[in-house]
Amino acid sequence: MGKLKGFIGLVFDVVDETTNLVERTHDAVVDRTVRRFAPLEPAKSTATVVTSVQRAISGGVFESIRVVNGLVRDGADAVIDLTEHEFESAMEEASETLATPLSSEAAGTASWVIDQAQASINGLWGDYLARRQSDLDLGMDFRVDGRSLQLDPQSLRDAIDQPSSKVAVFVHGLATTEWLWSLDSEEHYGTPAVTFGSRLRDDYGITPLYVRYNTGRHISQNGQALSELLAELVDAYPLRIEEITLVGHSMGGLVARSAAHYGDVHRSSWVSHLRHLACIGSPHLGAPLEKSVNLLAGILRRVDAAGAQVPAEVLGTRSAGIKDLRHGYILDDEWYGADPDSVFLNARRNVPLVDGVGYYFVAATISPDPSHPIGTLLGDLLVRLPSASGQAPEPAHRIPFRSGVVLPGMDHVHLANHPAVYDALQGFLGASFGHERPIH
């Protein structure tokens, strides 16, 4: 019921916001008309009177649309409330049927489609959903076999088969869910249910847990939420946790770094168990696509024409999480109080790494030779090599990763479940497994 109500509520929100956008565009056109007559009298006075009447009429029209939209929304909510019990029972039964182990076979199923649609909406407008307290807001939780994991001892014992004292937490990237970790599993491993987490469990007895979260919120907000969630996990876990490993893909790597930082600053107990933090294709210095979109929106905003202002406003609605990717922000202080659409401002700070924790990166280039101009220019198509490896031009601003690898001939998305990435993870975490391999 929550998802259905959330989707329907979003439709009505879109009608409202579209009406507001059209009204603002209309008023901007009217203002330009008045300015053209500004130096001339009596044309100026006449134009002012005419436009005032026009605005009064058009304002009434736009307001009537909002009123009707609100009435229809109330009616839809009433219908949903009347059928709430029956619908929730059906959804609960369907959820039990659809929930499956993490597997590439889930792609295209009803559960996967619904989850992915919700994740995409969260990625694009998740901060808006959070402010509206929408039922579509994913919030943040741990997931096991497609189900939310309750953080109490009995629920953990029931959900986790043979829990280990070593835990690996996997954090997905923008506009996705934990299903991405099983991408192309059958192609790579001959079976659909293989992920980095399942391989760590089978090879080393490590318990994998997967985070699902609203990727449209600020990265720093998600980092703090993850830190709090990890603290709850440590308190409720059936065994004493000896070692925590965080593995983040794309935005997930930034969220993991943010969580470690805030956990350390707040002296959270879980940080004493943190041993490794691996970032896979994460834009530590920013993502070029978001920089390009921001630049385009900035140019359009400066063009005094409705045809430019409308797309500029639409582009400006992208989420806070996406805008944080422009420079790789992971702290509140980097974005708070600043213009989120500034073209030139880069407030990224040097965030110290947590003492005693091994930080690692995995980067990729689509070209077989990382030094090829295409690989240098495009990186893995979404993140360039210097950003993924934290190698800022100024030495003082570089991220001092303990180790890292560059994988040639691979794109951004497929890093989430490629055997070569798992080999790299084994090398990073080798000391914990009783062996250690050099990484080049």
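How much space lies in the largest cavity? In this predicted model, about 30 Å³ of space lies in the largest cavity, and the close-up views described below begin with that site before turning to other parts of the chain.

**View 1. The largest cavity and the residues that line it.** A search of the whole structure finds 1 cavity of 30 Å³ or more. Its lining is made up of Arg-257, His-261, Ile-330, Val-351, Pro-352, Leu-353 and Tyr-359. Sorted by class, these lining residues comprise 5 nonpolar, 1 polar and 1 charged.

**View 2. The bend in helix H4 at Trp-125.** Helix H4 spans residues 110-131, and at Trp-125 the helix bends by about 90°. Many positions of H4 are buried, including Ser-111, Asp-115, Gln-118, Ala-119, Ile-121 and Asn-122. Gly-123, Gly-126, Asp-127, Tyr-128 and Leu-129 are likewise among the buried residues of this helix. Just after H4, the backbone at Gln-133 adopts a positive phi of about 55°.

**View 3. The stacked aromatic pair of Phe-196 and Tyr-422.** The structure holds 7 aromatic pairs; one of them joins Phe-196 and Tyr-422, whose rings are stacked with 6.4 Å centre to centre and 20° between the planes. Phe-196 belongs to helix H7 (residues 196-204) and Tyr-422 to helix H16 (residues 419-428), so the pair ties together parts that are 226 residues apart in sequence. Phe-196 is buried, with a relative accessible area of 1%, and Tyr-422 is buried as well, with a relative accessible area of 0%. Both residues are members of one aromatic cluster, which also contains Phe-170, Trp-181 and Tyr-210.

**View 4. Pro-368 in the loop between strand S7 and helix H14.** The loop that holds Pro-368 connects strand S7 (358-365) with helix H14 (373-378). With a relative accessibility of 71%, Pro-368 counts as exposed, because that value is over the 50% cut-off. Although Pro-368 and Pro-408 are 40 residues apart along the chain, their C-alpha atoms are separated by 4.8 Å. When neighbours within four places in sequence are left aside, Pro-368 is in contact with Pro-408 and Gly-409.

**View 5. Ser-268 in the loop between helix H9 and strand S6.** Ser-268 is found in the loop that runs between helix H9 (251-265) and strand S6 (274-280). The relative accessible area of Ser-268 is 18%, and the residue therefore counts as buried, the cut-off being under 20%. Apart from neighbours within four places in sequence, the residues in contact with Ser-268 are Ser-227, Ala-231 and Gly-263.

**View 6. Positive phi values at Gln-162 and Ala-175, in the loops on either side of strand S3.** Gln-162 has a positive phi of about 50° although this residue is not a glycine. Gln-162 lies in the loop between helix H5 (153-159) and strand S3 (166-171), where the residue counts as exposed at 68% relative accessibility. Ala-175, another residue other than glycine with a positive phi, has a value near 60°. The loop in which Ala-175 is found lies between S3 and helix H6 (185-189).

Terms used
Residues are numbered from 1 along each chain as its sequence is written. This is a predicted model: local features need pLDDT of at least 70, side-chain atom pairs count only at pLDDT 80 or more; totals for chains, interfaces and linings use all residues. Side-chain values use heavy atoms; hydrogens and water are left out. The bend at a residue is the angle between axes fitted to the seven residues ending there and the seven starting there. Helices (H or I, at least four residues) and strands (E, at least two) are DSSP runs, numbered from the N terminus. Buried means under 20% relative accessible area, exposed over 50%, partly exposed in between (1.4 Å probe, protein chains only). Contact means heavy atoms within 4.5 Å. On a 1 Å grid over the protein atoms alone, a cavity is a set of points where a 1.4 Å probe fits but cannot get out, and a pocket is an open set with protein on both sides within 12 Å along at least five of seven lines; lining residues have an atom within 4 Å of a point. Grid points are joined across faces, edges and corners, and a volume is the space filled by probe spheres set on the points. Ala, Val, Leu, Ile, Met, Phe, Trp, Tyr, Cys and Pro count as nonpolar, Asp, Glu, Lys and Arg as charged, and the others, Gly among them, as polar. Rings of Phe, Tyr and Trp (its six-membered ring) pair if their centres lie within 6.5 Å; planes under 30 degrees apart count as stacked, over 60 as edge-to-face and the rest as tilted.
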